[in-house]
Amino acid sequence: MNTPPSPAAAVRTDGSAVRIGALVPLTRPGWVEAGRHLLAGLDLAVREVNDTGGISGSPLELVVRDTAADPQRAAVAVEELHHLGVAAVVGEYHSVVARTAAARADALGLPFLCSSAVLDALTERPTPWVARLAPAQSHGWRTYGDFLLAAGHSRIAVAVDPSVYWASGTRILREHLTPHGATVIELDVRELDPGAVCEALVDHRATALLLLAGHPEPAVPIVEHVRRDRRLDGVLIGAPAGQPEFPQWAQLLGPLGAGVPFLRYLPERLGPLGTRVGKALRERLAEEPSFVAFEGYDTVTVLADVLRSHGPDRAGIAASWPQVTVEGTRGRIRFSRTPGIGVWQWAWAPVQVVDRDPADPTRFRIRHTG
């Protein structure tokens, strides 16, 4: 299914717009809340670019495609956007989907600025065509591991829904935690219902349970069972991938969903640009903007700067990644080659471990910074 053009596309009246493709999960089984925030950030930045003269007088237009967390659908969308003549592709939240999109963009010679996906191996080989704003999974999840160690956790269970992304996260945590004397215990949620997960936590004497599984299923029922099992009162529930970031988590779990630390890619305090953009995003979304919305805004900010300097030529855009130096909402953005990562990487966006305050689940507490 094709998604209607972004509202920001309304400025195009004569066919002269500089078009960029946007990959966003807007329907299930994609994480729709994340997709909505990502698109809000992308669209706000496009509107601001156009309000200040566009790209050398030409308006910027988003051509949005819904990936629905489907890699094959993303591959088809990249092909279509390529043939539509977009200057570049941006966006995507789901790592496995972004990996497929990056592979197609690389094969087609189409610049792809990935907004949110964190999987280290976004491409199988180094490529000049792909750049990324989100921190690599290994960077963020090691920070999460440091938080667990500082909090005194040494027996850590992971409730895993097997996939490339969750398996990568489990490996990163084990490699980081084991040298410090911690044990990582894998619980396969395809084989264990929430009640069996509770029994396993008791049997293994786990002090922490990390939800490396989808939201709302099976993450929400697992939280409900663990919270209501008095034997597990002292067990920390964590969600490195950020499930508690979005309002649906609090709506479904209420007070049970508070105190679940997750990774968030924001600084402790936003600067003037971030504060202004945060206010605009809050008005647009009618709720607190997530870090994903800021990632979307920063994506267009970077690409607009590149387009102003190098024009819409695809090869010129790709060649410009190492010259980028742009003030984003969360700091100055520059791309570099990072060991073990085949794309141009912003190293690094700020990293926090945050949870919802049990005293007020609408507020967030910073528990650790990386």
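# Close-up views of a predicted model

**View A. Arg 314, in helix 11 (residues 314-320).** The model is predicted. Arg 314 is buried yet takes part in no salt bridge. Asp 313 is the nearest side chain of opposite charge, and it is 8.0 Å away. That distance is beyond the 4 Å allowed for a salt bridge. Setting aside neighbours within four places in sequence, the contacts of Arg 314 include Leu 81, His 82, Gly 85, Val 86 and Ala 87. Gly 109, Leu 110, Pro 111 and Trp 129 are also in contact with Arg 314.

**View B. Helix 2 crossing helix 3.** Helix 2 covers residues 71-84, and helix 3 covers residues 95-108. Their axes come within 8 Å and cross at roughly 30°. The crossing is right-handed. Helix 2 contributes Pro 71, Ala 74, Ala 75, Val 78, Glu 79 and His 82. Helix 3 meets them with Val 96, Val 97, Thr 100, Ala 101, Arg 104, Ala 105 and Leu 108. By class, nine residues in this contact are nonpolar, two are polar and two are charged. His 82 of helix 2 also appears in View A, among the contacts of Arg 314.

**View C. The salt bridge between Arg 104 and Glu 79.** The side chains meet with N and O 2.1 Å apart. This pair links distant parts of the chain: Arg 104 belongs to helix 3 and Glu 79 to helix 2, 25 residues apart. Arg 104 counts as partly exposed because its relative accessibility is 26%. Glu 79 is also partly exposed, at 25%. Both residues belong to the contact of helix 2 with helix 3 shown in View B.

**View D. Further salt bridges, from a whole-structure search that finds 23.** Asp 229 pairs with Arg 231, and the closest N and O atoms are 2.8 Å apart. Asp 229 is buried, with a relative accessible area of 13%. Its partner Arg 231 is partly exposed, at 48%. Arg 332 forms a salt bridge with Glu 327, where the closest N and O atoms are 3.2 Å apart. Arg 332 is partly exposed, at 37% relative accessibility. Glu 327 is partly exposed too, with a relative accessible area of 39%. Salt bridges also link Asp 43, Arg 47 and Arg 284 in a network.

**View E. The cis peptide bond between Arg 28 and Pro 29.** Omega here is about 5°. Pro 29 sits in the loop between strand 1 (18-24) and helix 1 (32-51).

**View F. The cis peptide bond from Ala 347 to Trp 348.** Omega is near 0°. Trp 348 is placed in the loop between strand 14 (344-346) and strand 15 (352-357). The residue after this cis bond is a tryptophan, Trp 348, whereas in View E the cis bond joins Arg 28 to a proline, Pro 29.

**View G. Ser 56, with a positive phi.** Phi is about 50°, although Ser 56 is not a glycine. Ser 56 lies in the loop between helix 1 and strand 2 (60-66). Its relative accessibility is 68%, so Ser 56 counts as exposed.

**View H. Glu 92, another residue with a positive phi.** Here phi is about 70°, and again the residue is not a glycine. Glu 92 lies in the loop between strand 3 (88-91) and helix 3. Helix 3 is the partner of helix 2 in View B. Glu 92 is buried, with a relative accessible area of 0%. Ser 56 in View G, by contrast, is exposed.

**View I. Arg 19 and Val 63, 44 residues apart in sequence.** In space, their C-alpha atoms are 6.7 Å apart. Arg 19 is found in strand 1. Arg 19 is partly exposed, with a relative accessible area of 23%.

Technical notes
Residues are numbered from 1 along each chain as its sequence is written. This is a predicted model: local features need pLDDT of at least 70, side-chain atom pairs count only at pLDDT 80 or more; totals for chains, interfaces and linings use all residues. Side-chain values use heavy atoms; hydrogens and water are left out. Helices (H or I, at least four residues) and strands (E, at least two) are DSSP runs, numbered from the N terminus. Buried means under 20% relative accessible area, exposed over 50%, partly exposed in between (1.4 Å probe, protein chains only). Lys and Arg count as positive and Asp and Glu as negative; His and the chain ends are not counted. Contact means heavy atoms within 4.5 Å. Axes are lines fitted to C-alpha atoms, for helices over the stretch in contact, and angles run from 0 to 180 degrees between N-to-C directions. A crossing is left-handed if the near helix is turned anticlockwise from the far one by less than a right angle, and right-handed if clockwise. Ala, Val, Leu, Ile, Met, Phe, Trp, Tyr, Cys and Pro count as nonpolar, Asp, Glu, Lys and Arg as charged, and the others, Gly among them, as polar.
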